Each structure stands twice: as structure tokens, then as C-alpha cells.
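Biologist: I would like a close look at a single part of this protein, explained for someone in the first year of study. Could you take one helix and follow what surrounds it and what it is joined to?

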Amino acid sequence: MKSVLFTRFFILLPWILIVIIMLDVDTRKPAPPLTPRPYFSPYAVGRGDARLPLRRGGPAHGTQKRNQSRPQPQPEPQLPTIYAITPTYSRPVQKAELTRLANTFRQVAQLHWILVEDAAARSELVSRFLARAGLPSTHLHVPTPRRYKRPGLPRATEQRNAGLAWLRQRHQHQRAQPGVLFFADDDNTYSLELFQEMRTTRKVSVWPVGLVGGRRYERPLVENGKVVGWYTGWRADRPFAIDMAGFAVSLQVILSNPKAVFKRRGSQPGMQESDFLKQITTVEELEPKANNCTKVLVWHTRTEKVNLANEPKYRLDTVKIEV
């Protein structure tokens with residue numbers, strides 16, 4: 001029995017010695033020094049090692065002075081608003097025309113759409129359309145007197161004047177912000193580049209118009225940055241031989257000339273642009289845009305007259321669909 005105990009003792013003895021040696025080595029390691037807590041002085045060091053009390057809720061006076069010396073970022077200049085006046089009237093292609101125009105306007109920053117119906121009241125079609133268009137807009141209406149609806153007479157006169165009256169009334173009692181007025185008929189096609197060009201208008205700017213006057217395009221003739229004439233296929237003797245889609249006017253000019261409107265009496269067909277521009281500017285003051293009037297950025301496309309010869313008169317569809 002004793003031999004068995006001695007045998008087991010000698011077997012365990014080396015392991016016991018190893019454990020004792022390891023414990024002895026671990027206890028001889030120096031203890032890590034205690035890290036003192038940081039001390040925040042309630043004073044700042046000034047000139048001559050003077051102790052200055054810190055203000056509550058803020059840095060030292062010297063830090064404030066350094067921060068104040070940094071240049072502050074300047075606010076970006078406000079983008080001029082483009083006011084687009086669009087006369088419109090009820091017809092089979094009206095919603096299609098307005099949809100195309102709205103798709104363009106949605107991509108133009110800082111644009112306000114003034115849509116003026118030739119009607120005694122606002123139509124449900126246009127009201128619903130504007131509500132869903134997602135554009136800053138104003139919906140007006142004014143009917144054209146029956147005596148002015150004869151063929152050959154100027155069109156959309158009352159509607160454009162209603163848009164001008166709304167603009168002047170809106171800015172009557174407040175300081176006018178930078179803005180540009182543009183007459184955007186709903187049967188035209190507009191390049192987005194055109195709106196970038198017109199936004200810098202100082203007084204009255206002009207540019208070419210495509211597919212108008214029986215030609216591929218009409219444009220102002222420019223020499224040394226000044227308009228000197230007109231490339232046109234119809235009545236080149238007009239004071240401003242230009243299409244309604246070929247110019248923009250500064251909002252300040254509109255407000256400074258409250259009597260400038262489109263005239264009915266004495267105005268001949270095709271002369272509305274000249275009659276209006278004569279009231280606010282001269283040819284010498286015109287600002288050529290679109291690379292000195294050498295680029296076409298708007299087209300007088302006009303939707304093809306629809307063929308409704310097979311539209312039924314009696315057996316109508318049971319579902320009423322707005323087109």
C-alpha cells in the first residue's frame with residue numbers, strides 16, 4: 001500500500017512544482033501604474049501666464065477670436081424665376097399638348113407656369129391636369145369675345161394680357177425678385193437649353209425659331225453682338241420680325257411698363273409681337289442668345305389635325321374616358 005502511495009506522489013510531484021514556479025513568477029511582476037484622471041482647469045492662460053476664467057458653455061476668448069476670423073461662406077445668388085404664360089383652349093389635342101409641355105417644364109428649375117384658358121370658367125380637364133402635374137402653377141381663364149374669333153384676327157390676346165395682369169398684381173406690393181417672362185404656346189417644342197439661355201435676360205433677349213414663317217427657321221441677324229436685321233420669310237419690314245416663341249422679357253421691364261399689353265385695336269395679324277415689343281424696347285437693345293442667334297432651341301411644331309371621321313355620334317362607349 002505504501003509503495004502505491006509513494007508511486008503516485010512521485011508522479012504528481014513535478015506538476016506541483018511547475019504550478020508553484022508559475023505562481024511565483026506572476027506575483028513578482030510590477031503592478032501597472034495608476035492613470036491619473038485628466039484635470040480640466042477652469043482657467044485659460046493669457047498673456048504673461050495670467051489665469052483667465054473660462055466662460056460657461058463656450059471656449060476660451062482666444063479660440064472665439066480665431067473662429068471669428070475665419071471667412072464665412074457667402075449665400076448663393078437666387079436663381080431668377082422663369083414665368084411661362086401659356087394660352088390654351090379646348091380641342092381634341094389639348095391634353096396631349098399640355099402633357100408634352102409639362103414634361104419639359106418639370107425639368108426646368110425655378111419655373112412658374114401661368115396657364116390661361118380661353119373660357120368663361122376653368123375646365124375640369126385643365127384643373128385636374130394641373131393638380132397632377134406637380135408644377136408651381138397658376139390657373140386663369142378669360143374668354144375671347146366672339147367678334148374676335150374670326151379667321152385672320154390675332155389669337156390669344158386676352159389670355160396673354162391676363163397673364164401679364166396677374167404678374168403685375170402679384171408683385172404690386174412687394175419687391176420684385178429676379179425673374180424672366182416667356183410666352184410658351186402649347187403647340188411648340190422646347191429644348192431645355194433654351195431656358196438656360198433666357199434666364200440671364202437683362203431686358204429683352206431674342207433667338208431663332210424653327211419651322212415657322214414658311215421656312216425651316218427664322219432668326220435675328222447679328223453683327224458684333226447686336227441685332228441688325230431679320231432672316232424671315234414673311235414681312236421682313238416688321239419692326240420686330242420675330243415669332244412669339246422667339247423672345248423673353250425681364251420681369252423688371254414688365255413691372256416698369258405697366259401699360260405694355262397686347263393690343264386688339266389697330267393690330268394686324270402677325271404684328272402682335274412687334275406691337276408689344278415696341279412698348280418696352282428697341283432693336284438696338286435686344287440681347288442675342290443661342291450663340292448669337294445661330295442655334296434653334298424652339299420649334300413651332302403644332303400637332304397634326306386629328307382625324308375623327310369615325311367618331312360615333314349615337315352608340316357611344318359606356319365608359320367616359322378623358323383624352
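Modeller: What follows is a walk around helix H3, with a short look at the whole protein before it and at a second helix after it.

The model is a predicted one, in which local features need pLDDT of at least 70 and side-chain atom pairs count only at pLDDT 80 or more, while totals for chains, interfaces and linings use all residues. Residues are numbered from 1 along each chain as its sequence is written, and side-chain values use heavy atoms, with hydrogens and water left out.

The secondary structure of the protein comes to 9 helices and 14 strands, where helices (H or I, at least four residues) and strands (E, at least two) are DSSP runs, numbered from the N terminus. Of its 323 residues, 37% count as buried; buried means under 20% relative accessible area, exposed over 50%, and partly exposed in between, with a 1.4 Å probe and protein chains only.

Helix H3 runs over residues 94-105, and its 12 residues reach 16 Å from the first C-alpha to the last, close to the 16 Å expected at 1.5 Å a residue (the expected span is 1.5 Å times one less than the number of residues). Within H3, the buried residues are Gln94, Glu97, Leu98, Leu101, Ala102, Thr104 and Phe105. They cover an arc of only 155 degrees around the axis, which puts them on the same side of H3; the arc is that of the directions from the helix axis to the C-beta atoms. An α-helix has 3.6 residues a turn, so residues three or four places apart point the same way. The cover over the buried residues of H3 includes strand E3 (81-88), strand E4 (111-117), helix H4 (124-133), strand E7 (189-190) and helix H6 (192-198).

Lysine 95 of H3 is partly exposed, with a relative accessible area of 23%. Its side chain meets that of glutamate 322 in a salt bridge (2.8 Å, N to O), a term for a side-chain nitrogen of Lys or Arg within 4 Å of a carboxyl oxygen of Asp or Glu. This pair links distant parts of the chain, since glutamate 322 lies in the segment after strand E14 (298-299) and the two residues are 227 residues apart. Glutamate 322 counts as partly exposed too, at 30% relative accessibility.

The pair also belongs to a network of salt bridges that links Lys95, Glu124, Arg128 and Glu322. In that network, the side chains of glutamate 124 and arginine 128 meet at 3.3 Å, N to O, and, being 4 residues apart in helix H4, they are separated by about one helical turn. Glutamate 124 is exposed, with a relative accessible area of 58%, whereas arginine 128 counts as partly exposed at 33%. A search of the whole structure finds 12 salt bridges.

For a second helix, consider H5 (residues 157-170), where 10 of the 14 residues are buried, so H5 is largely enclosed by the rest of the structure. What covers its buried residues includes E3 and E4, together with strand E5 (137-141) and helix H7 (251-256). One of the buried residues is asparagine 161, at 18% relative accessibility, which touches Val261 and Phe262, not counting residues up to four places away in sequence; contact here means heavy atoms within 4.5 Å.
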